[in-house]
Amino acid sequence: MPNLEAPDRQVDGRDRAEVAVRDHDLAVAVATAMPLSPLRTQDQARLATRLRLAATRSWNGFLLLVTEEAGHGRALLFAPVYMGLGSILWFGAGADPPPQTVAVALLVFAAAFFFKQHAGPWLRHLLLAGMLTCFGMALAQCEAWRASTVMLDSPVTTTVTGRVERRESYDNGRWRYVVRVDATEKPAIRRPPERVTIFVRKQSAPFDLGDRIQGRARLTPPAGPALPGLNDFAFASYFNGIGANGFAYGTPTLISPAGDNAEGSIVDKADIWLAGLRNGIGDRIRRTLPGDTGAFAAALVTDERRAISTETTEALRTAGLTHIIAISGLNMALSAGIFYVGLRYFLSLFSGVAQAWPTKKIAAFGALVTVTAYYLISGFGVSAERAFIMMAIMLVAVLFDRPSISLRNVALSAIVILVLSPSQALGPSFQMSYAATLALVSGYSLWKRRRHREHVLSRFKLLRPLLFISRFFGGVLSTSFIGGASTAIFSIEHFHRLATYGLAANLAAMPVVSFIVMPFGMLAMLLMPFGLDAPFWKVTGEGLEIVIVIARTVAGWDGDITFGRQPAWLMPTFIAGFLVMTLLRTGIRHVGVLLLLGSVAAAALGSGVRRPDLIISEDGTMVALVRDGALATNRERLPDFIFEQWQRALALTDHRMPVMLPSDSQLPQIGKSDRNRRLNAGEQDTVRKAMDAALDQAGEGGFACQKRAWCVAMLDNGDMLVIIEDAAYLPSACETANIVVTPVRLRLDRCRSGAKLFTGATLRQTGSIEMNLNSDKPTIRAAFENLARPWNLHRAYDWRTGTFTVPATPMSPVSDNGE
């Protein structure tokens with residue numbers, strides 16, 4: 001392969017590649033245009049020779065482009081890609097890969113990479129990819145070991161004693177506390193979690209951080225996926241150190257205030273002090289600006305977003321403005337930029353200082369201190385951590401006279417985040433943030449390489465303000481479009497929705513945020529220690545009121561489109577094309593554009609993911625049938641958290657309520673005190689007849705329910721479905737139905753009659769269930785096929801024996817006949 005280090009030879013290589021492509025296209029065109037009459041042997045040989053020559057030239061041209069691409073030294077840009085791929089492979093595996101195997105593979109690839117110095121660029125890059133992929137897998141394994149969060153195995157009502165580590169207010173007067181558990185009693189949990197979140201309703205005065213409290217609480221394990229393939233909340237809870245969620249019965253009792261708790265390391269005390277400072281800032285802002293405006297302003301500073309009302313949050317989400325609430329790259333960039341520009345302009349007023357001192361570096365250092373303080377009081381959120389690392393690297397680059405806005409800096413920040421917390425690679429926040437950043441920085445690089453001509457309006461002083469305004473709004477328009485387009489597929493994949501009017505909302509709101517909200521908010525924070533912040537918060541509040549009005553106006557246009565689940569191949573294909581398009585510099589990047597557009601077009605024209613016919617929640621309390629574009633459920637009052645995920649993932653909005661049957665005195669009455677009651681033969685026969693008769697009263701494709709007893713439905717394949725709320729109805733249900741569902745945790749896992757049985761115990765191990773009934777043998781898909789992962793292992797824990805029972809095979813409920 002020729003040496004193309006010289007720039008002029010690179011240009012010649014590109015020219016030869018273009019000529020080869022034209023020769024190839026011409027040869028194919030000539031061959032296609034030839035008539036179908038028999039050709040002479042010499043003509044056929046000559047045509048074949050020319051086609052081979054054109055193909056050879058095209059391949060050589062491609063190799064020249066690859067060599068030219070390697071000459072740009074962009075291998076560093078792919079380092080976080082391979083590290084993230086390794087993390088995703090480790091987290092997505094069915095079981096923990098053997099650490100010894102990962103370590104050996106890492107050593108082999110590293111040795112081959114460092115000793116094969118004179119290998120070709122292809123081999124060197126493959127060795128680098130293998131080494132970094134194994135490194136990403138090793139990092140994922142280390143993070144799982146480092147977390148080691150104890151997860152609650154089953155719901156329990158107990159008395160919790162612990163210390164308050166975090167608190168956050170809600171718009172309806174509730175408080176959410178993160179409590180480090182010291183003890184549990186009545187009953188004592190054999191395997192208690194270290195940290196739990198507890199909601200307290202209608203508390204007059206919140207607890208202080210460090211307070212030791214005690215109270216009766218209902219604790220439940222973190223929720224799994226609402227449907228197979230959706231977001232597993234237990235995964236995030238495991239790596240956040242939260243082992244259970246719950247709510248308190250009444251208000252817990254204060255055992256000892258924070259000042260009496262002398263235990264804890266210096267780091268713990270510093271963490272509590274910072275959390276107290278953050279809560280104090282949030283309380284002061286909310287006292288100055290009441291309502292949603294104050295909660296919005298506090299969220300911009302402390303990242304406490306739950307105090308914003310549900311209506312405003314939904315309006316911001318529908319309008320595509322939720323990125324303003326989260327402390328992300330936008331907030332950090334505006335804070336650093338405002339401080340940097342302001343300090344540098346202030347120093348430039350003094351000519352002696354401007355000539356004797358590097359004001360640019362002084363301003364960059366001041367901006368670095370500002371964003372560090374911002375990060376410390378923001379609560380160390382995932383998005384804030386990522387934005388801080390990215391902004392810190394850019395400001396440090398200014399200190400060392402390096403370009404601040406570059407793909408290398410973006411790659412460095414991604415490498416740091418993946419080293420610290422590789423589990424973020426699976427999160428939508430990480431993916432959407434870096435997708436937008438890559439697209440914007442890559443677009444900025446292309447724009448900077450263009451030849452810019454002086455605009456005609458710049459020659460006239462009176463028209464220069466118009467030029468400035470047009471450039472500003474043009475920049476807002478272009479950045480909003482690029483950011484929205486680059487994150488659209490991730491929003492569809494993770495949230496199954498897309499804000500179609502997000503461009504208009506951002507175009508209207510971003511000038512307000514940039515010129516009113518953030519500048520006056522920063523001045524208010526700087527003057528808060530002196531008690532002079534209130535007037536500036538008032539101005540900030542006026543700006544946020546405008547943003548809320550914009551969000552509600554745009555949300556009223558009904559531009560929120562719901563998408564169902566997408567094919568499994570779409571995301572990997574889209575990401576591959578997106579990375580090739582944004583990270584490469586030569587003409588090869590156009591291959592990424594074709595791959596990206598082709599994947600989106602194939603998904604849009606395809607039939608999509610087939611909807612299931614029957615879905616069951618992971619606790620067995622909610623069951624739904626998918627029929628005629630609607631969800632028919634067994635309950636009148638549904639938990640919004642689960643049901644909304646079903647609607648978005650299945651792209652269904654219609655809901656069919658169950659038909660509630662009138663009470664029947666002939667049916668056996670089972671109260672809460674009759675949990676162990678067994679029905680006699682006559683009562684069982686009465687229940688069976690009532691279940692059969694209820695099918696005729698069910699609505700069109702829906703459920704017929706006897707309140708607090710059972711529900712019945714006829715499936716499309718002719719099978720009968722029965723949902724029972726008490727184990728006493730189990731014999732009658734098994735003899736009547738083909739599929740039986742109950743939330744009761746029975747030790748049985750099948751019916752003697754051969755009917756499929758889903759109980760609270762089996763669903764605890766399988767998670768949510770979806771079934772397709774389009775054949776003689778229903779297809780069952782479970783959320784969890786294997787529990788041998790750290791964040792799912794608690795589902796296999798038996799508190800009676802204190803042991804873990806992990807099934808060796810994927811878990812799918814079966815019947816007696818082996819179906």
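Trainee: Is C134 buried or exposed?
Mentor: The model is predicted, and the assignment rests on relative accessible area, for which buried means under 20%. The relative accessibility of C134 is 9%, so C134 counts as buried.

Trainee: What relative accessible area does C142 have, and in which class does that place C142?
Mentor: The partly exposed class lies between the buried limit of 20% and the exposed limit of 50%. With a relative accessible area of 40%, C142 is therefore partly exposed.

Trainee: How many disulfides are there, and how are the bonded cysteines paired in sequence order?
Mentor: A pair of cysteine sulfur atoms counts as a disulfide when the two lie within 2.5 Å. C705 and C711 satisfy this with S to S 2.1 Å, and C734 and C751 with S to S 2.0 Å. The count is two disulfides, and the pairing in sequence order is 1-2, 3-4.

Trainee: What is the handedness of the link between C705 and C711?
Mentor: Both C705 and C711 are buried. The angle about their S-S bond is 115°, and the link is right-handed.

Trainee: Why is the disulfide of C734 and C751 left-handed?
Mentor: Both C734 and C751 are buried. The handedness follows from the torsion about their S-S bond, which is about -50°.

Trainee: How many residues apart in sequence are the parts that C734 and C751 tie together?
Mentor: The disulfide joins C734 to C751. C734 belongs to helix α24 (residues 730-736), whereas C751 sits in the loop between β17 (739-741) and β18 (756-758), so the parts tied together are 17 residues apart in sequence.

Trainee: Which residues contact T359, leaving aside its neighbours within four places in sequence?
Mentor: T359 lies in helix α13 (residues 359-376). Its relative accessibility is 12%, so T359 counts as buried. With those neighbours left aside, the contacts of T359 are R344, L347, V353 and A354.

Trainee: How is helix α8 oriented relative to helix α19?
Mentor: Two packed helices are described by the angle and the distance between their axes. The axes of α8 (residues 291-302) and α19 (residues 534-555) come within 9 Å and cross at roughly 105°. That crossing makes α8, relative to α19, roughly perpendicular.

Trainee: How many nonpolar, polar and charged residues form the contact of α8 with α19?
Mentor: On the α8 side the residues are D292, T293, F296, A297, L300 and V301. They meet W537, G541, L544, E545, V547, I548 and R552 in α19. By class, the contact has eight nonpolar, two polar and three charged residues.

Notes: Residues are numbered from 1 along each chain as its sequence is written. This is a predicted model: local features need pLDDT of at least 70, side-chain atom pairs count only at pLDDT 80 or more; totals for chains, interfaces and linings use all residues. Side-chain values use heavy atoms; hydrogens and water are left out. Axes are lines fitted to C-alpha atoms, for helices over the stretch in contact, and angles run from 0 to 180 degrees between N-to-C directions. Helices (H or I, at least four residues) and strands (E, at least two) are DSSP runs, numbered from the N terminus. Angles under 35 degrees count as roughly parallel, over 145 as roughly antiparallel, 65 to 115 as roughly perpendicular and the rest as oblique. Contact means heavy atoms within 4.5 Å. Ala, Val, Leu, Ile, Met, Phe, Trp, Tyr, Cys and Pro count as nonpolar, Asp, Glu, Lys and Arg as charged, and the others, Gly among them, as polar. Buried means under 20% relative accessible area, exposed over 50%, partly exposed in between (1.4 Å probe, protein chains only).
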